[in-house]
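Q: I would like a close look at a single part of this model. Start from one side chain, then work outward to its surroundings.

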Amino acid sequence: MDKMIEFPNIGIYLPNVGDHVTVFGFDIAFYGITIGIAILAGIFIAAAEAKRTGQNPEDYYDFAIYAVIFSIIGARIYYVAFSWDMYKDDLKSILNLRQGGLAIYGGVIAAVISVFVYAKIKKMSPALIFDTAGLGLVAGQAIGRWGNFFNREAFGEYTDSLFAMRLPL
């Protein structure tokens with residue numbers, strides 16, 4: 001695969017931009033690293049907001065454990081449900097996250113359900129949790145979107161504007 005990324009109108013040509021790093025023979029995708037950073041940033045922002053508003057940040061760290069796990073499951077279920085033709089003949093591949101296939105919509109739906117369950121168990125207000133964690137979700141989404149850059153996906157049409165970027169398809 002061609003690994004060139006070009007910004008032709010400003011004279012920047014990056015000839016060999018990979019999509020992963022190999023550690024001890026194991027490939028780790030930049031997309032995954034970016035998503036991990038986005039999740040951590042979202043958690044830390046929510047905990048900081050909790051502290052700023054007089055709440056216990058530990059409640060948000062505890063919640064993050066459940067929310068991340070269930071959001072990954074929800075993201076996978078959503079992706080598989082809407083790509084069923086790819087999985088119907090090989091059900092074991094549903095569990096193979098290494099081949100890709102997570103959808104942010106499913107992750108957010110699972111996180112919302114997790115908020116209501118967690119709030120009920122901890123006797124907290126779901127609205128307060130949403131309000132406190134909202135900025136972390138938005139920041140995580142913004143950071144995570146850079147994963148699409150590394151994956152060379154989810155970008156608009158080519159333009160000839162000053163900052164036009166060219167990716168090999």
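A: R52 is exposed, with a relative accessible area of 62%. Exposed means over 50% relative accessible area, buried means under 20%, and partly exposed lies in between (1.4 Å probe, protein chains only). This is a predicted model, in which local features need pLDDT of at least 70 and side-chain atom pairs count only at pLDDT 80 or more, while totals for chains, interfaces and linings use all residues. Residues are numbered from 1 along each chain as its sequence is written, and side-chain values use heavy atoms, with hydrogens and water left out.

The side chain of R52 meets that of E49 in a salt bridge, at 2.8 Å from N to O. The term covers a side-chain nitrogen of Lys or Arg within 4 Å of a carboxyl oxygen of Asp or Glu. Both residues belong to helix α1 (residues 30-52). They are three residues apart, so about one helical turn separates them. Helices here are DSSP runs of H or I with at least four residues, strands are E runs of at least two, and both are numbered from the N terminus.

By this rule the count of salt bridges comes to three. K122 and D59 form one of them, with their closest N and O atoms 3.8 Å apart. K122 sits in helix α4 and D59 in helix α2, so the pair ties together parts that are 63 residues apart in sequence. K122 is partly exposed, at 37% relative accessible area. D59 is buried, at 17%. D85 and K88 form another salt bridge, their closest N and O atoms being 3.5 Å apart. D85 is exposed at 60%, and K88 counts as partly exposed at 41%.

Next comes the loop between α1 and α2, where Q55 is found. Q55 is buried, with a relative accessible area of 16%. Its contacts, leaving aside neighbours within four places in sequence, are A50, Y60, M124, L128 and T132. Contact means heavy atoms within 4.5 Å. The C-alpha atoms of Q55 and A110 are 23 Å apart, although the two residues are separated by 55 places along the chain.

Y60 touches Q55 in turn. Its other contacts are A47, A50, M124, L128, I129 and T132, again not counting residues up to four places away in sequence.

Y60 also belongs to the largest nonpolar core. That core has nine residues, and A50, F63, A67, V115, Y118, A119, M124 and I129 make up the rest. The elements that give two or more residues to this core are α2 (57-82) and α4. A nonpolar core is a set of buried Ala, Val, Leu, Ile, Met, Phe, Trp, Tyr and Cys residues joined through side-chain atoms within 4.5 Å.

Helix α4 also contributes to the surface. A nonpolar patch of about 1,000 Å² is made by I104, Y105, V108, I109, V112, I113, F116, V117, I121, F130 and L137. Patches consist of residues with over 30% relative accessible area and no salt bridge; like charges are joined within 9 Å, and nonpolar side chains (Val, Leu, Ile, Met, Phe, Trp, Tyr) within 5 Å. α4 (104-122) and α5 (126-151) each supply at least two residues. α4 gives the most, with nine residues. F130 has its place in α5 and is partly exposed at 33%.

Now the strands. β3 (residues 20-23) and β4 (residues 26-29) run antiparallel and are joined by four bridges. Two strands pair if DSSP finds at least two bridges between them. V23 stands opposite F26 in β4. This hairpin has two residues between its strands, and F24 takes a positive phi near 50° there.

Last, the whole chain. It has five helices and four strands, in the order β-β-β-β-α-α-α-α-α along the sequence. Its C-alpha atoms fill a box of roughly 55 × 45 × 35 Å along the principal axes. Of its 169 residues, 28% count as buried. The chain exposes about 11,200 Å², with carbon and sulfur atoms supplying 68% of it. Accessible areas come from the Shrake-Rupley method with a 1.4 Å probe; for residues, only the protein chains shown count as cover. Among contacts with a separation of 6 or more, 56% link residues 24 or more positions apart.
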